[in-house]
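Me: I would like to learn how to read a fold, a pocket and a single residue. Can we work through one case together?

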Amino acid sequence: MKTSWRSASLVASAAAVLALTTACGQDSPPAASQNVGASAAPGDYGSIGTGNGVAGTPGGQQAAPSPSSPSNPAGKLSVATAEEVGKVVTDSLGLTLYRFDQDTDQPPKSNCDGDCAKTWPPVPADDAEAGEGIDKSLLGSVTRADGTKQLTVAGWPAYRYAKDVNAGDVKGQGVGGKWYALAPDGKKARGGGAAGGEEAGAQPGLSTRNDPKLGEIVVDKNGMTVYRFKKDEAWPKPVSNCTGECLEKWPLVEPVDYADTKGIQEKGYMIFDRTDGKGKQQTINCSPIYTFAGDKAPGDTNGQGVGGTWYAVRPDGKLVGASEK
């Protein structure tokens, strides 16, 4: 699907990014550089809070086993059509199955343990079978760290979501910008209705929206609010001081080609290499950007002002509601 925000040629985009990689620091005095490995002080990265879907148990309390409990077998899998999501894989109870962007499919590996696995219970592989619409050859299993077998679909480990309590619920779709319902082919379910597919309803990798309280702010391809960390550095080069546990709450925004953006300032739009093994990270005006695991749905701004250090981002890279100092 061709859209105006993708019209810029890749060659021109590559040249622009190359030119921008040396732009940081030219308009501001150099600042003392720090290693990316310097962790944020305790509390600076904030708390996701009760019931916000990525860490901790729903509601913060123990209750009777829910339909999504890991003790419940998967049974016969089938395909359902979820409103605004498209075709998704469901278990024998009609509960939606999900995949996690931080897992891998080749080879299959789950990176959701501990509190994560309480919110996203792994689907047992033992009794899972292909029902109507499911290709049996795509089903498999992976051995988790605790020795249990988890169902995989096209290599991707499958999970339920603790907040999905009724058949047809898809409350986990897009949580944290990392969790997506499983399409029958193992890909992310992103489409809407019969159109389905990963291109249906697609939006730029980074764009803006007009928030009623914060004004024009940057959002990612899933409509999730983008944030900056005041303890990071942009000058003379990007430096992220959010590592370890901080990155679990504030996932980094991976590189987005400038041709796949809309309304974002081009100057200072660049990527940089982190030194903590987490790969490359996108910046706006040379400042590292993130999403917030406590934002459950597009339009949420639960990360605004957390710890007095986290703020939404303007299209020119400036902080929303805070000074740069």
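Reply: We go from the whole chain to a pocket, then to one strand residue. Keep in mind that this is a predicted model.

Me: How many helices and strands does the protein chain have?

Reply: The protein chain has 3 helices and 17 strands.

Me: What share of the residues is buried, and how much of the contact count is long-range in sequence?

Reply: Of the 325 residues, 47% are buried. Among contacts with a separation of 6 or more, 69% join residues 24 or more positions apart.

Me: What does the accessible surface come to?

Reply: About 15000 Å² for the protein chain, with 51% belonging to carbon and sulfur atoms.

Me: How do I read a pocket?

Reply: Rolling a probe the size of a water molecule over the atoms shows where empty space is left. Here, the second largest pocket holds about 480 Å³ of space. It is lined by 18 residues, and R228, A234, W235, S287 and E324 are the closest to its centre.

Me: Which strands supply at least two residues each of that lining, and how do the lining residues divide by character?

Reply: β13 (227–229) and β16 (287–288) do. The lining of the second largest pocket has 10 charged, 4 polar and 4 nonpolar residues.

Me: Now one residue. Is S207 buried or exposed?

Reply: S207 sits in strand β11 (residues 206–211). Its relative accessible area is 7%, so S207 counts as buried; the cut-off is under 20%.

Me: Which residues is S207 in contact with, leaving aside neighbours within four places in sequence?

Reply: S207 is in contact with I217, V218, V219, K262 and I264.

Methods. Residues are numbered from 1 along each chain as its sequence is written. This is a predicted model: local features need pLDDT of at least 70, side-chain atom pairs count only at pLDDT 80 or more; totals for chains, interfaces and linings use all residues. Side-chain values use heavy atoms; hydrogens and water are left out. Helices (H or I, at least four residues) and strands (E, at least two) are DSSP runs, numbered from the N terminus. Buried means under 20% relative accessible area, exposed over 50%, partly exposed in between (1.4 Å probe, protein chains only). Contact means heavy atoms within 4.5 Å. Accessible areas come from the Shrake-Rupley method with a 1.4 Å probe; for residues, only the protein chains shown count as cover. On a 1 Å grid over the protein atoms alone, a cavity is a set of points where a 1.4 Å probe fits but cannot get out, and a pocket is an open set with protein on both sides within 12 Å along at least five of seven lines; lining residues have an atom within 4 Å of a point. Grid points are joined across faces, edges and corners, and a volume is the space filled by probe spheres set on the points. Ala, Val, Leu, Ile, Met, Phe, Trp, Tyr, Cys and Pro count as nonpolar, Asp, Glu, Lys and Arg as charged, and the others, Gly among them, as polar.
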